[in-house]
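I opened a new structure today and kept notes as I went. My plan was to look at the sheet, then the core, then the charged pairs.

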Amino acid sequence: MTVTSEQRFGDFVVVRRYEGQDHVAELVLDRPKAMNAVSTDMARSIAAACDALGADRDVRATVLTSSHERAFCVGADLKERNSFSDADLVRQRPTARAAYTGVLELPMPVIAAVHGFALGGGFELALACDVIVADATAVVGLPEVSVGVIPGGGGTQLLPRRVGAARAAELVFSARRVEAAEARELGLVDELVEAGRDREEALALGARIAANSPVGLRAAKKALRLGQGLDLRAGLEVEDAAWRSVAFSGDRAEGVAAFNEKRRPDWPGE
């Protein structure tokens, strides 16, 4: 694919757009010398990139990828953490949280393309996405209790929403690593593809998603996210509010017209 635009956020994060995929952005974790371990600087860059993507109404889908051949992300930079005083750790916490919430709160659908190791904070970045595409080399897990902490990038909340409370407890308490086939079986990842094809398949899924209404996509994601954990009646109210936000939009009018005229819609995005 031909890159049509590239924006770097600090030294370790890149956002790319490609010819023929105008509405898909690739958010690349690009700290290969450290297997994408999330340092303070990298966390700051992830948050900044997510701020920029969230404000870009032209982006209908984002794909989170890695530039490292053998890892998606190995989690927090423990070498950096080893040099921290308690005060340093307290000061760094908001910066670290902003990286994970930045991905989690992106308003458009987000797909993680996972290969190799996605451990600790690396798996939490994937869990913050809406869909996880993993290849056959993927190894995922939340091993934080093995180094005296807990998952702090959303793992204790996002994992049980995927696999249930008891399964999440077993995975967090045991700190075990889960290989690709079992990860798919347990629902830790959503699609399992051949080795080396995670990025390609995730970008292809992003393109399929991006063919749909940007207004509809953002509203559907909002309804899905806000409705989690609510009882059915409350969830249906969330859905109704999201429906009302799109029912009188230009995208809705264009979508209905295009269907009746048997043509592809030209979404106004409003």
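Before looking at strands, I fixed my terms: two strands pair if DSSP finds at least two bridges between them. Helices (H or I, at least four residues) and strands (E, at least two) are DSSP runs, numbered from the N terminus. The model is predicted, so I noted its limits: local features need pLDDT of at least 70, side-chain atom pairs count only at pLDDT 80 or more, and totals for chains, interfaces and linings use all residues. Residues are numbered from 1 along each chain as its sequence is written, and side-chain values use heavy atoms, with hydrogens and water left out.

**Entry 1: the sheet**

I traced the strand order. Seven strands make an open sheet, β1-β2-β3-β4-β6-β8-β11, with mixed pairing. At the edges I found β1 (3-9) and β11 (191-193), each pairing on one side only. On average, neighbouring strands are turned by 20° against each other, direction ignored. For that angle, axes are lines fitted to C-alpha atoms (for helices over the stretch in contact), and angles run from 0 to 180 degrees between N-to-C directions.

I then checked single pairs. Strands β2 (residues 13-18) and β3 (residues 21-29) run antiparallel and are joined by five bridges. There, R16 stands opposite E26 of β3.

**Entry 2: strand β6**

Which strands pair with β6 in the parallel sense? One is β4 (residues 61-66), over three bridges. Another is β8 (residues 131-135), over four bridges. I looked up one bridge for each: T62 has V110 in β6 as its partner, and A112 has I132 in β8.

Is β6 mostly covered or uncovered? I used these cut-offs: buried is under 20% relative accessible area, exposed is over 50%, and partly exposed lies in between (1.4 Å probe, protein chains only). Five of the five residues of β6 (110-114) are buried, so the strand counts as mostly covered. V110, A112 and V114 lie on one side, I111 and A113 on the other, and both faces are covered.

**Entry 3: the cores**

I took a nonpolar core as a set of buried Ala, Val, Leu, Ile, Met, Phe, Trp, Tyr and Cys residues joined through side-chain atoms within 4.5 Å. The largest has 50 residues, and V114 of β6 is among those with the most contacts inside it, along with I46, F72, F123, L125, L159 and L188. Helix α1 (residues 40-55) gives the most to this core, six residues.

I followed V114 further, with contact meaning heavy atoms within 4.5 Å. Leaving out residues up to four places away in sequence, V114 touches F72, A126, I132, V133, A134, D135, A138 and D198. A second, separate core has 13 residues, including L203, L205, I209 and L217.

**Entry 4: salt bridges**

My rule was a side-chain nitrogen of Lys or Arg within 4 Å of a carboxyl oxygen of Asp or Glu. The count comes to 19.

I looked up three. D88 and R91 meet at 2.5 Å, N to O. They are three residues apart in helix α3 (residues 86-104), which means about one helical turn separates them. D88 is partly exposed at 25%, while R91 is exposed at 57%.

R176 pairs with E182 at 2.9 Å between the closest N and O atoms. R176 is partly exposed at 24%, and E182 is partly exposed at 31%.

R197 and E200 meet at 3.2 Å, N to O. Both are partly exposed, R197 at 28% and E200 at 45%. Through shared partners, salt bridges also join R167, E170, R176 and E182 into one network.
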